[in-house]
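Me: Please take a close look at the salt bridges in this model. Then set them against the rest of the structure.

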Amino acid sequence: MVFSISENVMKLWDVWNVRAFVILSLLAQVFLTLSAPLRKRLGGRSGKCVRMFIWLVYLLADWVAGLTVGSILSNQLKSPAKSGDIQAFWAPFLLLHLGGPDTITSFALEDNEFWVRHLLGLILQACSTLYVFIMSLPGNKLWLPTLFVLIASIIKYAERNRAFYLSSFDHFGETWVPGKAGLLIPKQFKKLGTADSLPDGLEDLPDPQSVEDDNISPDFADSDPKSIVQAAAYLFGTIRSPLLGSFLSKSQRTKSFANFGSKSKGCSAKDALQKMEIQLSLLYEALHTKLPVIVSKTGYISRILNLSCILGALLSFSLLKKNYELEEFDAWLTYGLLIGALTLDFISIILLVFSDWFVIANFHILEYFPNLASRLEARFVKRRRWSNKVPQLNFITYSVKDHPNWLKTLVTFLPMSSLLEDIKVLQCLSFQNFREDLQYWRCIFEDVMGVVKEVQEGLNLDPFGLEDDSFSHFLLSHHIGTELSIQEEDFQRSSSGSIDNDRKICKLIADYMLYLMMMEPTTMAAVSNNWEKVFKDTYEDTLSILARSSVSNEKDAREILSANIDNHKRVDLYSSALSKAQDLAKELKNGTYSWKRLREEWVFMMCYAARRCRTNVHSQQPSKGGELLTFIWLCVANYTIISHASLASLLF
């Protein structure tokens with residue numbers, strides 16, 4: 001009986017394995033084409049779930065396509081007559097699927113660095129597919145449509161490898177062309193007016209060390225949508241230097257400063273944010289999609305040739321099918337592959353036309369449609385390009401939160417202590433919509449510019465005495481001190497408004513920085529040398545105080561920690577940040593320490609952490625929904641009016 005079941009299963013597998021894998025490969029391409037653009041706009045828990053599914057399907061797509069080509073080749077070697085011409089016709093579709101959709105070439109930056117491996121994969125898979133095709137000759141009645149699909153698949157796989165190559169850090173910007181001051185920009189953007197046709201007067205700006213806000217009046221200083229797009233495209237050219245870890249030249253710094261704008265001349269915080277959103281969106285498309293390859297004359301020709309081959313395969317198959325005996329299911333599956341390939345290509349073209357890279361590369365065309373230009377430009381600038389969410393994690397919430405008894409009991413039998421802590425952090429995690437009130441960003445932007453100006457003038461390069469070893473202690477003490485000083489009525493909008501805004505911004509940044517330290521260790525690796533010890537000792541210190549009273553909520557815990565200033569038993573006076581946090585809370589409440597000063601310190605800590613973070617970590621963030629810390633890094637990078645030595649003395 002067991003032998004009979006096994007034999008039936010093997011027969012079923014022999015009949016359906018290739019068909020099932022071909023269908024699965026097509027469905028994977030559909031999912032990736034439609035869902036990949038969402039990962040840069042989704043944040044929070046839903047965004048993480050979507051990105052996880054995209055990652056799984058991304059890995060599955062390559063594995064299934066390669067496995068299926070191998071299965072078809074194996075069938076050809078075992079029994080050419082049994083596999084038939086139809087499976088030889090399906091093989092190029094798997095190579096076409098390995099070429100991947102235009103909306104995603106790499107899931108992570110590391111995929112780009114393995115472009116040589118992908119090139120070898122192209123050669124091997126193309127040889128395997130070609131061998132399957134040759135094995136089916138000379139009796140293959142479907143040789144013409146098979147040849148059409150084979151040509152299209154090689155073109156598409158070559159595009160993907162070209163995208164991998166251009167997106168690797170060793171070759172990033174390799175095809176960019178020089179503009180003014182030797183600045184390299186994507187060659188597709190030359191017609192926008194960002195290279196040899198820069199606005200008059202911009203190339204003759206003075207030395208950046210002598211530039212004052214009131215003396216700058218570049219043409220890009222306007223806040224109209226067209227100027228924002230032009231400035232963002234130019235600034236994207238300047239991103240190559242900080243991304244690769246180098247600094248801009250003096251003339252490049254001057255132009256970057258002028259394009260980013262002067263707040264006294266109309267470049268508001270909102271305009272700066274929109275420019276950076278476009279920059280990061282272009283960076284995402286340059287690193288993770290085929291757009292830099294497709295948006296070119298060669299790319300357009302290859303896309304037309306690709307579509308023509310698929311259409312030719314569909315027409316020739318429809319004509320040859322009449323003289324070829326084919327099972328009905330196989331016929332429908334083949335039509336599904338052909339129509340699916342055409343549909344995905346048309347969807348990719350639509351997404352291409354609305355992509356930031358294509359729009360900016362062809363932005364000059366809007367000049368011929370003045371009636372539509374202003375409306376289209378405004379809608380383009382306001383397009384959502386990141387999640388607009390800032391993760392929030394609060395220390396007191398984390399301290400009060402407790403696990404159910406059954407989960408604690410389970411942990412005693414299973415090695416799940418680290419998983420238990422992760423679950424606790426996720427339960428305490430929340431998200432703040434950053435775009436709901438741009439007043440937050442206006443204050444942060446003002447403080448970031450203040451930090452840059454102080455460095456430029458050589459004033460108090462390190463006003464808070466930060467070092468990597470003390471950063472963790474400084475951050476956690478300020479986080480707890482901020483939380484102990486916050487009351488519910490502080491979040492109620494009043495007529496004064498400014499004090500409330502300072503407190504809200506401090507709360508926003510404090511919870512965000514704690515989230516980065518606990519949930520994004522790679523981002524904060526350069527400034528979190530002794531974070532685990534500081535957090536553990538502070539956490540145990542806090543629990544020792546809360547254990548003396550019956551604490552049921554955050555409000556009670558805040559009151560107890562604020563009131564308990566006696567010399568209670570410390571775990572380690574040096575490592576625990578609770579004592580300094582209580583001192584800070586007292587100073588905030590009695591007015592000796594202003595909220596504006598605390599806000600400036602929080603912004604400085606963000607600048608410090610942003611510049612110490614590796615650039616490749618920042619460049620990954622657009623594919624993860626965006627990160628506020630990356631905007632701070634880009635803000636400083638754009639406003640590079642400071643010199644190499646001054647920047648290094650503060651940030652390195």
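The reply below starts with the ground rules, goes through the charged pairs, and ends with the wider setting.

Reply: This is a predicted model, in which local features need pLDDT of at least 70 and side-chain atom pairs count only at pLDDT 80 or more, while totals for chains, interfaces and linings use all residues. Numbering starts from 1 along each chain as its sequence is written, and side-chain values use heavy atoms, with hydrogens and water left out.

Start with the count. A search of the whole structure turns up 18 salt bridges. A salt bridge here is a side-chain nitrogen of Lys or Arg within 4 Å of a carboxyl oxygen of Asp or Glu. Side chains of opposite charge can pair when their charged atoms come close. Three pairs are worth a visit.

The first pair is Lys 290 with Asp 102. Their closest N and O atoms are 3.7 Å apart. This bridge links distant parts of the chain, 188 residues apart. Lys 290 is in the loop between H10 and helix H11 (291–294). Asp 102 is in the loop between helix H3 (80–98) and helix H4 (109–113). Helices are DSSP runs of H or I, at least four residues long, and strands are runs of E, at least two; both are numbered from the N terminus. Lys 290 and Asp 102 are both buried. Buried means under 20% relative accessible area, exposed means over 50%, and partly exposed lies in between, using a 1.4 Å probe and protein chains only.

The second pair is Lys 156 with Asp 345. Here the closest N and O atoms are 3.2 Å apart. Lys 156 belongs to helix H6 (residues 143–167) and Asp 345 to helix H13 (residues 328–353), so this bridge ties together parts 189 residues apart in sequence. Lys 156 is buried, at 8% relative accessible area. Asp 345 is buried too, at 2%.

The third pair stays within one helix. Lys 507 and Asp 511 meet in a salt bridge at 3.1 Å, N to O. Both lie in helix H21 (residues 498–519), four residues apart, which is about one turn of the helix. Both are buried. Elsewhere, bridges with shared partners join Asp 102, Glu 159, Lys 290 and Arg 303 into one network. The first pair, Lys 290 with Asp 102, is thus part of that network.

Now the neighbors. Lys 156 also touches Leu 96. Leu 96 sits in helix H3 and is buried, with a relative accessible area of 7%. Beyond residues up to four places away in sequence, Leu 96 touches Ala 152, Ser 153, Lys 156, Asn 306, Ile 310 and Ala 341. Contact means heavy atoms within 4.5 Å. The C-alpha atoms of Leu 96 and Tyr 157 are separated by 6.7 Å, although their positions lie 61 residues apart along the chain.

Helix H10 (residues 269–288) deserves a stop as well. Its 20 residues should span 28 Å at 1.5 Å a residue, and its end C-alpha atoms are indeed 28 Å apart. The expected span is 1.5 Å times one less than the number of residues. Of these residues, 19 of the 20 are buried, so H10 is largely enclosed by the rest of the structure.

Cysteines add no cross-links. The structure holds zero disulfides, a disulfide being a pair of cysteine sulfur atoms within 2.5 Å. The sulfur of Cys 635 is 7.6 Å from the closest cysteine sulfur, in Cys 607, which is too far for a bond. Cys 635 is buried at 0% relative accessibility, and Cys 428 is buried at 9%.

Zoom out. The protein has 28 helices and four strands. Of its 652 residues, 55% count as buried. Among contacts between residues at least 6 apart in sequence, 81% join residues at least 24 apart. The accessible surface comes to about 28800 Å², and 59% of it belongs to carbon and sulfur atoms. Such areas come from the Shrake-Rupley method with a 1.4 Å probe; for residues, only the protein chains shown count as cover.
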